[in-house]
Amino acid sequence: EDRYQPKLVTVFGGSGFVGRHVVRALARRGYRIRVATRRPDLAFHLQPLGNVGQIAAVQANLRYRDSVDAAVAGSDHVVNCVGLLFETGRNTFDSVQDFGARAIAEATRAAGAGLTHVSAIGADAHSQSQYASSKGRAEQAISAILPDAVILRPSIIFGAEDGFFNRFAQMSRFAPALPLIGGGHTKLQPVYV
C-alpha cells in the first residue's frame with residue numbers, strides 16, 4: 001500500500017444533515033471519503049465538497065450486513081452519522097439505530113479501523129422512549145465490540161435544513177399553538193452545525 005495515500009474514512013449517513021458537514025470537514029483535512037448511503041444516486045451534491053475523486057458514494061443499507069461490510073472494507077476510520085427522528089416503513093429505530101449501529105461496529109472491528117459514533121443526548125437502554133432506548137442499546141453494543149470507539153452525545157443539532165427547528169418553524173406558520181416539550185420545562189442544549 002502506498003504510504004503517501006491519504007487515509008480513507010467511510011461515513012455512514014454522509015448525505016444527511018450532519019453527515020454532509022462531517023464530509024466537508026474531512027475533505028478539507030485531505031482525507032479520502034467513502035459515503036455509505038442507501039441512495040448513492042442522491043449523493044452527487046457531496047462531490048463538490050472535495051477535490052476530483054476525493055469523495056465517492058457507495059450503496060449500503062444498515063439492514064443488510066454484507067453491504068455494511070463492503071462499505072467498511074479497506075477503511076482506516078468509520079464515522080456513523082445515521083439517525084432517525086421518525087420511523088418510516090422498515091427504517092425503524094431498532095433496525096437503524098440499534099441493529100445497524102452494531103453491524104457498523106462489527107464491520108469496523110473486522111477491518112481493523114477506528115469508529116466514531118454519533119449517538120444522542122439522553123441515550124439510555126432503559127428509557128421509555130423507543131428513540132432513546134435504541135440509541136442506548138447501540139452505545140452498549142458498540143462499547144462491547146469496540147471499547148476504543150468514540151461515542152458523541154450531541155443534543156439537538158440545528159442549522160440550515162435541519163429536521164427539527166425547521167419543522168417547528170413550519171408548524172408555527174399554520175398552527176394556532178405549538179407543543180411545549182416537557183411542558184416547557186425541558187432544557188435544550190442545541191448544537192449548531
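A salt bridge here is a side-chain nitrogen of Lys or Arg within 4 Å of a carboxyl oxygen of Asp or Glu. In this predicted model, the count by that rule comes to 6 salt bridges. Arg65, Asp69 and Glu106 are linked in a network of such bridges. To place these residues, it helps to begin with the sheet.

The sheet is open and has 6 strands, in the order β3-β2-β1-β4-β5-β6, with parallel pairing. Strands β3 (55-59) and β6 (150-152) stand at its edges, and each has a single partner strand, so one side of each lacks a neighbour in the sheet. On average, neighbouring strands are turned by 20° against each other, direction ignored. Strands of a sheet pair through backbone hydrogen bonds, in either a parallel or an antiparallel sense. For β2 (residues 32-37) and β3 the sense is parallel, over 5 bridges. One residue of this pairing is Arg34, whose bridge partner in β3 is Ala56.

Two helices that pack on the sheet come next. Helix α2 (residues 65-72) touches β1 (8-12), β2, β3 and β4 (77-80), and its direction makes about 150° with that of β1. Helix α3 (residues 93-111) touches β1, β4 and β5 (114-118), and its direction makes about 165° with that of β5.

Side chains of opposite charge can pair when their charged atoms come close. Arg65 and Glu106 meet in a salt bridge at 2.5 Å, N to O. This pair links distant parts of the chain, with Arg65 in helix α2 and Glu106 in helix α3, 41 residues apart. Arg65 has a relative accessibility of 29% and counts as partly exposed. Glu106 is also partly exposed, with a relative accessible area of 29%.

Another salt bridge lies within helix α3. Asp98 and Arg102 form it, their closest N and O atoms being 2.6 Å apart. The two residues are 4 apart in helix α3, which means a separation of about one helical turn. Asp98 counts as buried because its relative accessibility is 8%, under the 20% cut-off. Arg102, at 32%, counts as partly exposed.

A further pair involves helix α4. The side chains of Glu139 and Arg153 meet in a salt bridge at 2.9 Å, N to O. Glu139 is in helix α4 (residues 130-145) and Arg153 is in the loop between β6 and β7 (157-158), so the pair links distant parts of the chain, 14 residues apart. Glu139 is buried, with a relative accessible area of 11%, whereas Arg153 is partly exposed, at 44%.

Definitions and conventions
Residues numbered from 1 in each chain as written. Predicted model: local features only at pLDDT ≥ 70, side-chain atom pairs only at ≥ 80, totals over all residues. Heavy atoms only, no water. Pairing = 2+ DSSP bridges. Axes fitted to C-alpha atoms, helices over the stretch in contact; angles between N-to-C directions. Contact = heavy atoms within 4.5 Å. Buried < 20%, exposed > 50% of the residue type's maximum accessible area, 1.4 Å probe, protein only.
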